[in-house]
Amino acid sequence: MTETTTGPVLHTRFTETFGVDHPIVQGGMQWVGRAELVAAVANAGALGCLTMLTQPTPEALVKEIARTRDLTDRPFGVNFTILPSISPPPYAEYRDAIIESGITIVETAGNAPTEHVEVFRPAGVKVIHKCTSVRHAVKAQELGVDAVSIDGFECAGHPGEDDVTGLVLIPLTAQRLDIPVIASGGIADARGLVAALALGADAVNMGTRFLCTVESPVHHQVKEAIVAATERDTELIFRPLRNTARVASNSVSREVVARLEEGAVFEDVRHLVAGARGKQVYEVGDTDLGIWSVGQSQGLVHDIPTVAELVDRILGEAGDIISGRLAAMTRTSI
């Protein structure tokens, strides 16, 4: 089931710690991180992550883990997003399901993963925590996580409220932490990978780029919309609520932005941002049906390759950049 790539082998603390061939991560994406995509990423030698909350119950997650194992014999993880909620999901039950299924890598996101790290680590599960600021990254290291994924302002989903881009955030985080750092946000090709490594990261995380691959379980029209879009075609919703999210610019997201700027409260737009509507976008391909996440890196996405083709291309081009363009710049003249 494992597919080989022809590009250079980039050994980093990330690849050594998590037992994968390449310093590339497909982070958890709601409705997208399913078996087909995750297995393809794993088979390409990168780290794929199932999205826990895409599965409606812990039992369903167990089945999705088993389905992924039918498609790959390589390591993969589970995204464990912790969200504030009046009626929170059964996190302890999901956590137990992950451990009992033999998963050894978890990507936590959202709130501080304190109680979950305390359970996962003794069970032999390595934890990557995704955050959006240096201070939260430092706190995560203090909690005992094995790596931090740091999201720059360019990212899809929740970029935080500090508005610091990756070019600043990545080196700041790398110089403060002793554990591996994964650069996330705005990365979609070899140039992003090489730049992130130069800035001190040990790997990169890509969401939007993996969303636009053959194995991504979303409608082809969504992928075509990403290819056609530019880096300017996103909206920052919920800014007045200090819960900013970067999503695709469409009639729904623009209405949400306008209404909140006029003084509306969340209850006034709840029906517009319902998760069920976003799920429908992916299922039927109508990109104006609801809110769906995409990052500014869509401006760098120009095709819909297989995951194996994408990973192979990134590694090959990274090798060309490192041994070609950059090496040429360091040659001393005689």
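Just over the halfway mark sits the buried share of this chain: 52% of its 334 residues are buried, where buried means under 20% relative accessible area, exposed means over 50%, and partly exposed covers what is in between (1.4 Å probe, protein chains only). The model is a predicted one, so local features need pLDDT of at least 70 and side-chain atom pairs count only at pLDDT 80 or more, while totals for chains, interfaces and linings use all residues. Residues are numbered from 1 along each chain as its sequence is written, and side-chain values use heavy atoms, with hydrogens and water left out.

The chain holds 14 helices and ten strands; these are DSSP runs numbered from the N terminus, with helices (H or I) of at least four residues and strands (E) of at least two. The radius of gyration is 19 Å, close to the 20 Å that the globule rule gives for 334 residues, so the chain is as compact as a globular protein of that length. For that comparison, the radius is taken over C-alpha atoms, and the rule is 2.2 Å times the number of residues to the power 0.38. Along the principal axes, the C-alpha atoms fill a box of roughly 70 × 45 × 40 Å.

Contacts tell us about the fold too. Of the contacts with a separation of 6 or more, 63% join residues 24 or more positions apart, a contact being heavy atoms within 4.5 Å. As for the outside, the chain exposes about 14400 Å², and carbon and sulfur atoms supply 52% of that; the areas come from the Shrake-Rupley method with a 1.4 Å probe, and for residues only the protein chains shown count as cover. Charges come to 28 positive and 42 negative side chains, and the centres of the two sets lie 2 Å apart. Here Lys and Arg count as positive and Asp and Glu as negative, with His and the chain ends not counted; each charge is placed at NZ of Lys, CZ of Arg, CG of Asp or CD of Glu.

Next come the rings. A search of the whole structure turns up five aromatic pairs. Rings of Phe, Tyr and Trp (its six-membered ring) pair if their centres lie within 6.5 Å; planes under 30 degrees apart count as stacked, over 60 as edge-to-face and the rest as tilted. Phe 14 and Phe 18 make a tilted pair, 5.1 Å centre to centre with 35 degrees between the planes. These two sit four residues apart in helix H1 (residues 13–18), so about one helical turn separates them. Phe 14 has 0% relative accessibility and counts as buried; Phe 18, at 4%, counts as buried as well. Tyr 282 and Trp 292 pair edge-to-face, at 6.4 Å centre to centre and 75 degrees between the planes. This pair links distant parts of the chain, with Tyr 282 in helix H13 (residues 275–284) and Trp 292 ten residues away in the loop between H13 and helix H14 (307–330). Both Tyr 282 and Trp 292 are buried. Elsewhere, ring pairs join Phe 80, Tyr 91 and Phe 120 into a cluster.

A few single residues are worth a look. Val 273 lies in the loop between helix H12 (266–269) and H13 and is buried, at 18% relative accessible area. Leaving aside neighbours within four places in sequence, Val 273 touches Phe 238, Val 256, Phe 266 and Ile 291. One of those partners, Phe 238, is in the loop between strand E9 (234–237) and strand E10 (245–248) and is buried at 10%.

What about backbone angles? Most residues other than glycine have a negative phi. Phe 238, however, has a positive phi of about 70 degrees although it is not a glycine. Arg 242, in the loop between E9 and E10, also has a positive phi, near 55 degrees. This arginine, Arg 242, is exposed, with a relative accessible area of 59%.

Val 134 is in helix H6 (residues 134–143) and counts as buried at 16% relative accessibility. Its contacts, neighbours within four places aside, are Leu 169, Leu 172, Thr 173 and Arg 176. Val 134 and Pro 171 are 37 residues apart in sequence and 9.8 Å apart in space, C-alpha to C-alpha. Finally, Asp 288 belongs to the loop between H13 and H14 and is partly exposed, at 38%. Again leaving out neighbours within four places in sequence, Asp 288 is in contact with Asn 250, Ser 251 and Val 252.
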